[in-house]
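Student: I have a model open on my screen and I'd like to learn how to read it. Could you walk me through a few features?

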Amino acid sequence: MSSADVNNTKTAFVNAAVDPMLDNNVNNTPFNDLHVQFLNTLDNLENNQPNTQPTSHVLSSSSKSFSDILTSLQTLVINQNKKDNGDEFEDSPFPVLQNLDKLSLTSYSLSYYISHCLPNEQTVPVLSLINKATTMWLSQLFQFSNCGAFYTENMILSYERVILLALHRMFGPEYFSPSGLPIIYCTPDPVLISTIKRTALQLGMNEKCVQIIPCLSDVLYPYKADLKAFEIIIKNDVENGKKTLIVFARAGAHVTGQMDDIVDLKELCSKYNIWMHLSGDNLSGLALAKFKTESTPNLADSITLTPSIWLNISALPVITLFDKQYSNTEILNTYKSKCLPVWSCFQALGYDALILRIQQKFEVCHRIHSLVKKYNCLRILCETKDRNYTVPNTINDETLNEETVADIIANHRNIPELLHNLISCFIIQFVPKDCNQRVSPYYNKLNSWLGQVLEREIPEAPLELCEIETLGVVVAFSPFTILNSLVTEDDWETFSICLDQHIEILLATVDYKDKLTGLIAQLPSLEYVEIDDWAGLGAVRYVPQQWQSSAQQLATDQAKQDLNRLNVRIVQQLRSIDAAFSLGEGSDSLACVRFGMVTADTDVAELLSLVQSTGRKEEESTKYIDSMTELVKKGIETATVDLKKETEEKIWQEGILRHVPVFGNLVNWWSPPAKNAVKGRWLDLEAGVVRSTEVIYEKKAQVEDPESNESVSALPDEAPLE
């Protein structure tokens with residue numbers, strides 16, 4: 001786009017702009033009333049002013065005021081916005097709406113007012129002018145000449161109408177009952193494939209109509225279409241009488257940032273008269289292009305734009321631009337009023353601010369790319385012509401002058417090349433040295449840990465955790481998916497420090513994990529335990545040496561329970577020293593001691609020694625408790641036998657008649673028995689013997705009668721327990 005074209009676009013924005021504040025008459029119209037009423041409702045909702053009366057499932061016989069109805073709606077939203085937090089409910093925060101968000105939402109009310117309330121002779125010219133102006137802006141901004149536009153609520157509806165346009169071009173008026181089986185081709189992006197299949201089903205097509213383009217065989221090119229294989233498929237379909245209808249391709253796919261070879265794919269589609277449709281965040285880079293000649297063809301027959309994400313404005317519709325020379329817009333059955341939010345917000349932003357918002361998105365992505373590429377341990381998958389997949393990255397920042405987004409825009413005079421060199425999304429993955437394939441399950445755990453801690457500690461960072469079949473778990477950075485990500489320099493500094501710290505932890509953990517088994521081998525009471533879904537250093541289990549020497553020692557369930565209890569007590573003692581220890585469970589369902597992530601200055605040998613020493617203490621403690629248990633048990637048995645023996649002797653000494661019921665009472669009255677009660681027993685834990693309680697009473701008597709010097713000697717029945 002030349003400087004004259006840019007100026008013309010700016011002029012178009014200015015000429016079409018209408019500022020309600022410049023005309024006092026607007027304040028007295030329904031437009032302003034709707035706007036004020038809508039803003040008041042939003043304010044009440046954000047202030048959490050619910051109605052105490054719940055909404056009834058029975059329609060009220062009497063009418064309600066508009067205020068009561070809005071209050072009921074607010075109550076429903078607020079109540080549904082509460083989340084269960086254990087014992088109580090917490091209010092989830094409502095999204096923060098900026099002025100442009102409110103303008104976008106208000107525009108929907110105004111669009112329905114214009115299309116449903118105004119007379120038809122007013123509605124048609126007003127909406128036609130608005131639609132024409134908006135289409136002209138979109139055509140100039142996104143480098144799409146001779147275009148028509150329609151607006152939908154989501155991508156599926158956009159794809160539906162694009163397929164209808166392609167059907168109409170191929171079959172004419174009979175497009176709803178085609179003579180052959182139309183084939184819809186889709187590049188091998190899982191998100192796009194799922195969406196296209198749902199679209200085909202909603203149009204009444206068989207899912208077999210959707211054919212996936214093969215991807216390149218290279219494991220490091222996930223979801224990249226193999227155009228040579230695709231051409232062979234097209235030839236076979238044509239020979240078999242199938243109707244090659246449309247190709248859905250990507251220009252900056254979500255998560256992977258995938259860019260299909262736009263130029264080669266366009267030539268292939270033109271060769272076989274196939275409709276080509278593009279979608280993706282890199283298409284926003286069309287607005288940044290500074291150069292375009294009139295002879296430059298459109299990138300595709302149609303493109304889908306998502307300005308709500310690109311411009312950080314809520315509720316803007318999905319926009320689809322298409323080449324009018326091939327299509328009949330009457331089949332779209334579109335409502336021109338749906339463009340009003342775009343028309344309003346584009347004017348409120350202005351050309352310069354609109355371009356700046358898009359450029360800032362790319363700058364965030366390029367800046368993150370500059371931060372992460374200094375780590376040799378990270379595999380960076382970045383879809384650009386000049387910096388295609390780096391595996392792993394070994395760029396020296398000191399010798400490389402970083403190319404900014406402004407430099408990329410200025411240095412590329414060709415639109416496809418510009419889009420291929422802008423980064424809207426890229427992937428990082430922590431990998432071992434010289435890894436050119438899918439990582440091991442352990443590295444999947446490490447990458448999962450990295451993504452989770454970054455999400456938790458830097459919630460404003462535009463990242464998400466996902467898994468790619470050919471690579472494993474990866475961390476994707478996509479500024480186009482998060483509003484206002486990493487805005488301030490403090491955010492950037494925090495992100496850089498946090499990333500540096502956690503990469504250091506990953507490197508240290510992997511390094512020590514390789515040495516862990518060797519260190520464990522030097523400690524006879526510890527054994528290494530493999531744990532699924534654990535990204536930490538590893539796990540060990542303390543097993544007493546006598547148990548290790550006997551193959552049958554852990555064969556019983558009771559023995560396993562004892563070992564589990566021992567390791568649980570070890571973990572409890574260790575956690576009182578350091579919270580880095582935790583209780584785990586191995587693949588054999590036995591308890592173990594887990595180690596978390598470690599840093600470079602962690603002394604792993606000391607940690608293992610601490611586990612072993614704690615285990616020995618707990619083992620000795622367990623042995624002492626077991627021996628005391630056995631001692632008490634034997635003491636009780638001995639005391640029981642002694643007391644029974646004394647009771648029997650007492651009976652024979654006193655005579656059996658005294659113990660006969662009724663008659664015994666008469667004998668005891670006639671001749672009272674001697675007071676020689678059965679002696680009690682007590683267990684001396686220190687000496688390990690059972691003693692008679694008689695000695696206790698004699699000592700007590702001595703205390704009460706200090707003149708008595710009679711010594712107390714051990715009774716003959718006091719013997720050590722065997």
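Tutor: We'll go through salt bridges, cysteines, a surface patch and a sheet.

Student: What should I know before we start?

Tutor: This is a predicted model, so local features need pLDDT of at least 70 and side-chain atom pairs count only at pLDDT 80 or more, while totals for chains, interfaces and linings use all residues. Residues are numbered from 1 along each chain as its sequence is written, and side-chain values use heavy atoms, with hydrogens and water left out.

Student: OK, salt bridges. How many does the structure hold?

Tutor: A salt bridge here is a side-chain nitrogen of Lys or Arg within 4 Å of a carboxyl oxygen of Asp or Glu. By that rule the structure has 11. One of them pairs K266 with D301, at 3.5 Å from N to O.

Student: Which parts does the K266 and D301 pair tie together?

Tutor: Helices (H or I, at least four residues) and strands (E, at least two) are DSSP runs, numbered from the N terminus. K266 sits in helix α9 (residues 262–271) and D301 in the loop between β7 (275–279) and β8 (302–305), so the bridge ties together parts that are 35 residues apart in sequence.

Student: Is D301 buried or exposed?

Tutor: Buried means under 20% relative accessible area, exposed means over 50%, and partly exposed is in between (1.4 Å probe, protein chains only). D301 is buried at 5%, whereas K266, at 22%, counts as partly exposed.

Student: Where else can I look for a link between distant parts of the chain?

Tutor: Try R438 and E467, whose side chains meet in a salt bridge at 2.8 Å, N to O. R438 is in the loop between β11 (426–430) and α15 (441–457), and E467 is in strand β12 (residues 463–468), 29 residues apart. R438 itself is partly exposed, with a relative accessible area of 33%.

Student: And what separates D511 and K515?

Tutor: About one helical turn, because they are 4 residues apart in helix α16 (residues 489–521). Their side chains also form a salt bridge, 3.4 Å from N to O. D511 is partly exposed at 37%, and K515 is partly exposed at 44%. Elsewhere, salt bridges that share partners join E527, R541 and D588 into one network.

Student: How many disulfides are there?

Tutor: A disulfide is a pair of cysteine sulfur atoms within 2.5 Å. Searching the whole structure gives 0. For two cysteines you can click on, C215 is partly exposed at 41%, while C592 is buried at 0%.

Student: Which residues make the nonpolar surface patch?

Tutor: Patches use residues with over 30% relative accessible area and no salt bridge, joining like charges within 9 Å and nonpolar side chains (Val, Leu, Ile, Met, Phe, Trp, Tyr) within 5 Å. Areas come from the Shrake-Rupley method with a 1.4 Å probe; for residues, only the protein chains shown count as cover. Here L73, L76 and V77 make a nonpolar patch of about 240 Å². L73 belongs to helix α3 (residues 66–80) and is partly exposed at 48%.

Student: Last one: what is the strand order in the open sheet of 4 strands?

Tutor: Strands of a sheet pair through backbone hydrogen bonds, either parallel or antiparallel. We call two strands paired if DSSP finds at least two bridges between them. The order is β14-β15-β17-β16, with antiparallel pairing. β14 (526–529) and β16 (581–585) stand at the edges with a single partner strand each, so one side of each lacks a neighbour in the sheet. For a close look, 4 bridges join β14 to the antiparallel β15 (residues 538–542), and V529 has A539 in β15 as its bridge partner.
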